[in-house]
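Let's take a walk through this fold one piece at a time. Have the model open so you can click along as we go.

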Amino acid sequence: MLTGALALSACGPGAKSQTVPADLPPLKTMAPFRIGTCVQALHLDDPALAGLVARQVSQLTPEWEMKMEYIVQPDGSFRFDAPDRIAAFARAHGMGLLGHTLVWYAQAPPAFQALDESRIKFVDAYRNYILAVAGRYRGQVVGWDVVNEAVAEDGNGWRDSLWSQKLGAFEHIALAYRTAREADPQAVLLLNDYNLEYNPRKRATFLKLAERLLSSGAPLTGLGTQMHVAADIEPSKIREMMRDLASLGLPIHVSELDISLSEAENKLLSRSDLQRRQAAVYGETAQAFMALPERQRFAFTLWGLRDRDSWLRKAHPTDAPAPFDDAGRPKLGAAALVEAFRG
Ligand code: G3I
């Protein structure tokens with residue numbers, strides 16, 4: 001109860017920011033669903049971080065080494081050393097593995113761009129890639145982000161990419177799900193995107209794409225909402241998004257949650273105001289997820305446990321978006337997550 005009281009008092013309007021007990025229960029012990037984080041292979045060489053990951057989470061998402069940018073070599077060969085290490089770590093610690101991601105508009109390696117189509121049809125190279133990667137981790141992954149960020153930034157249609165140009169705007173997406181299912185009969189096959197809380201138009205287009213995939217018979221079996229948000233986000237936006245995403249009845253993955261201080265729109269808020277808002281938003285997001293029917297709570301993944309490992313630090317060196325600080329100590333956000341998962 002102390003943790004609960006502390007988390008609540010620390011988030012109150014007049015509360016001073018307070019430290020959080022170092023013995024805060026591990027996140028994965030408090031949630032009735034998998035708690036995840038992204039990792040890189042090099043993180044596993046850091047005993048402090050590897051220990052924090054093992055203690056706190058029950059699912060891993062390779063942050064970049066299961067993507068084409070890592071796997072596909074200039075000569076078209078594939079390398080799997082790093083994703084294999086992450087998969088082995090997950091297996092050794094009894095964790096789920098979330099495959100991220102098979103097809104992304106943002107990554108079209110030179111080997112695909114320069115494909116000699118007199119030797120192999122583009123569609124066969126595309127299928128071969130998905131069959132090879134999803135087949136390699138069959139029985140190890142709990143799910144795949146089969147297609148990542150298919151919807152246009154402004155929500156007006158779908159993104160243009162090498163894949164859509166070569167194989168069709170809708171067909172390249174549907175084919176990816178059919179091929180992933182061919183490779184792995186069990187994995188949950190997710191459609192993943194971002195700004196679904198901030199942009200109702202993008203959310204509507206995302207849901208229409210999901211419905212079209214379902215009606216075409218594509219084996220879409222989950223929806224991922226990345227949730228790269230700012231500390232001053234209006235909590236109602238999170239609740240509205242969760243409600244809309246749940247409307248299809250599919251499992252929902254909060255897939256990449258981080259809560260930036262630096263990207264807050266309200267520049268009048270002090271850092272300690274933003275830290276308190278950040279903790280409240282962690283709590284509100286967890287509560288909105290907890291409110292989903294149990295069968296629709298796929299997993300709740302943080303995009304990094306410690307501030308120092310966040311991708312956001314590249315753009316904002318002083319940002320502190322994670323639930324644990326640079327030293328791996330729990331912040332108010334971690335206490336708010338525990339409080340919300342405690343229900
Ligand atoms: O570690 C290598 C380093 O050894 C090498 O010298 C350097 C040279 O380029 O690359 C380093 O790897 C970089 C890696 O991040 C680790 O920092 C990759 O180039 C870089 O592309 C990679 O960026 C990742 C990005 O996706 C693109 O894959 C970020 O870590 C990762 O946080 C970001 O995650 C995305 C999700 O997949 C999709 N949703 C948005 C999210 C944030 O952009």
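Start with a pair of helices in this predicted model. Helix 7, covering residues 122-136, packs against helix 9, covering residues 171-183, at an angle of about 40°. Their axes are 8 Å apart. Those two values are what you want here, since two packed helices are described by the angle between their axes and the distance between the axes. An angle under 35 degrees would count as roughly parallel and one of 65 to 115 as roughly perpendicular, so helix 7 and helix 9 are oblique to each other. As for handedness, helix 7 passes helix 9 in a right-handed crossing.

Which residues make that contact? On the helix 7 side, pick out V123, Y126, R127, I130, L131, A134 and G135. Helix 9 contributes H172, L175, A176, T179, A180, E182 and A183. Sorted by class, the contact of helix 7 with helix 9 has nine nonpolar residues, three polar ones and two charged ones.

Now zoom in on T179, which sits in helix 9. Is T179 buried or exposed? Its relative accessible area is 0%, and buried means under 20%, so T179 is buried. If you ignore the neighbours within four places in sequence, T179 is in contact with R127, I130 and L131, and these three belong to the helix 7 side of the contact. You can also jump from T179 to A218: they are 39 residues apart along the chain, and their C-alpha atoms are separated by 9.7 Å.

Next up is helix 10, residues 200-216. Here's a quick sanity check on its length: at 1.5 Å a residue, its 17 residues should span 24 Å, and the end C-alpha atoms are indeed 24 Å apart, so the two agree. The buried residues of helix 10 are K202, R203, T205, F206, L207, L209, A210 and L213. What do they pack against? Their partners are helix 9, strand 5 (188-193), strand 6 (222-225) and helix 11 (235-246). That brings us back to helix 9, which packs against helix 7 as well.

A few backbone details are worth a click. N195 lies in the loop between strand 5 and helix 10, and although it is not a glycine, it has a positive phi of about 65°. With a relative accessible area of 22%, N195 is partly exposed. M227 is another non-glycine residue with a positive phi, near 65°. You'll find M227 in the loop between strand 6 and strand 7 (228-230). At 0% relative accessibility, M227 counts as buried, whereas N195 is partly exposed. Then there is the cis peptide bond that joins H100 and T101, with omega at about -10°. T101 is found in strand 3, residues 96-104.

Finish at K331, in the loop between strand 9 (297-302) and helix 13 (332-342). How does a lysine in a loop score on accessibility? K331 has a relative accessible area of 15%, and the cut-off for buried is under 20%, so K331 is buried. Leaving out neighbours within four places in sequence, K331 is in contact with V20, Q278, D307, A320, P321, A322, P323, F324 and D325. For a sense of scale, go from K331 to S215: the two are 116 residues apart along the chain, and their C-alpha atoms are separated by 44 Å.

Conventions:
Residues numbered from 1 in each chain as written. Predicted model: local features only at pLDDT ≥ 70, side-chain atom pairs only at ≥ 80, totals over all residues. Heavy atoms only, no water. Axes fitted to C-alpha atoms, helices over the stretch in contact; angles between N-to-C directions. Helix = DSSP H or I, 4+ residues; strand = E, 2+ residues; numbered from the N terminus. Parallel < 35°, antiparallel > 145°, perpendicular 65-115°, else oblique. Left-handed = near helix turned anticlockwise from the far one by under 90°. Contact = heavy atoms within 4.5 Å. Nonpolar A, V, L, I, M, F, W, Y, C, P; charged D, E, K, R; others polar. Expected span 1.5 Å × (residues − 1). Buried < 20%, exposed > 50% of the residue type's maximum accessible area, 1.4 Å probe, protein only.
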